[in-house]
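Visitor: I am new to reading protein structures, and I would like a close look at a single part of this one. Could you pick a helix and walk me through how it sits among its surroundings?

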Amino acid sequence: MSDFEKIGKRIRELRQQRGLSQAQLAQPELSDSYISLIESGARVPTPTALELIARKLKCSIDYIVRGIESEEIDRIQSILDSARQ
């Protein structure tokens, strides 16, 4: 599975968990067909679209892109930094 497909999968899962249709997630700024293309991995969301989608899904961009929240990345980085010392 490509990174684009993983991003789309996470968006679809979050959207469904929140009980939103593609149209509800998209409107009014985006089209539901654009959301469909992103979720299928056929389109990469622009940074602006990604920011908008993350805000509407109430999650971080890091979670959508990497599958892990920003706080967890910071915590892991702190552990690695401590281990290096």
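Guide: Happy to, and what follows is a tour of helix α1 and the parts around it.

Please keep in mind that this is a predicted model. Let us start with the whole. The protein has six helices and zero strands, so to speak a pattern of α-α-α-α-α-α when you read along the sequence. Its C-alpha atoms fill a box of roughly 50 × 25 × 20 Å, taken along the principal axes. Of the 85 residues, 27% count as buried. Among contacts between residues at least 6 apart in sequence, 47% join residues at least 24 apart.

Now to the helix itself. Helix α1 covers residues 3–17, which makes 15 residues. At 1.5 Å a residue, a helix like this should span 21 Å, and the C-alpha atoms at its two ends are indeed 21 Å apart, so expectation and model agree.

Which residues of α1 are buried? They are Ile-7, Gly-8, Arg-10, Ile-11, Leu-14 and Arg-15. These residues cover an arc of only 160° around the axis, which puts them on the same side of α1. What does that side pack against? The buried residues of α1 pack against α2 (22–26), α3 (32–39), α4 (47–57) and α5 (61–66).

Two of the buried residues are arginines, Arg-10 and Arg-15, and each deserves a visit. Take Arg-15 first. Glu-39 forms a salt bridge with Arg-15, and the closest N and O atoms are 2.6 Å apart. Glu-39 belongs to helix α3 and Arg-15 to helix α1, so this pair ties together parts that are 24 residues apart in sequence. Both Glu-39 and Arg-15 are buried.

Arg-10, also in helix α1, tells another story. Arg-10 is buried yet has no salt bridge, and Asp-3, the nearest side chain of opposite charge, is 6.6 Å away. The cut-off for a salt bridge is 4 Å, so Asp-3 at 6.6 Å does not qualify as a partner for Arg-10. What does a polar atom of the Arg-10 side chain lie 3.1 Å from? That neighbour is the backbone oxygen of Tyr-63. Leaving aside neighbours within four places in sequence, Arg-10 is in contact with Tyr-63, Ile-64, Val-65, Arg-66 and Gly-67.

Back on α1, there is another charged pair to look at. Lys-9 forms a salt bridge with Glu-13, with the closest N and O atoms 3.8 Å apart. Lys-9 and Glu-13 are four residues apart in helix α1, which means that about one helical turn separates them. How accessible are these two? Lys-9 has 36% relative accessibility, so it counts as partly exposed. Glu-13, at 33%, counts as partly exposed too.

Since Arg-10 touches Arg-66, let us step over to helix α5. Arg-66 forms a salt bridge with Asp-62, the closest N and O atoms being 3.0 Å apart. Both of these residues lie in helix α5, four residues apart, about one turn of the helix. Arg-66 is exposed, with a relative accessible area of 54%, whereas Asp-62 is partly exposed at 22%. A search of the whole structure finds five salt bridges, and the pairs we have met are among them.

Tyr-63, the residue whose backbone oxygen lies by Arg-10, has another polar neighbour. The side chain of Ser-60 reaches the backbone nitrogen of Tyr-63 at 3.0 Å. Ser-60 is found in the loop between α4 and α5, and it is buried, with a relative accessible area of 15%. Not counting residues up to four places away in sequence, Ser-60 touches Ala-54, Ile-68, Glu-69 and Ser-70.

That loop between α4 and α5 also holds Lys-58. Lys-58 has a positive phi of about 55° although it is not a glycine. Most residues other than glycine have a negative phi, and most peptide bonds are trans. At 70% relative accessibility, Lys-58 counts as exposed.

Let us finish where α1 ends. Just after α1, Gly-19 takes a positive phi of about 70°. Further along, in the loop between α2 and α3, sits Pro-28. The peptide bond from Gln-27 to Pro-28 is cis, with omega near 0°.

Notes
Residues numbered from 1 in each chain as written. Predicted model: local features only at pLDDT ≥ 70, side-chain atom pairs only at ≥ 80, totals over all residues. Heavy atoms only, no water. Expected span 1.5 Å × (residues − 1). Buried < 20%, exposed > 50% of the residue type's maximum accessible area, 1.4 Å probe, protein only. Arc of directions from axis to C-beta. Contact = heavy atoms within 4.5 Å. Polar contact = N/O pair within 3.5 Å; in protein donor to acceptor, adjacent residues only side chain to side chain. Lys, Arg positive; Asp, Glu negative; His and termini not counted.
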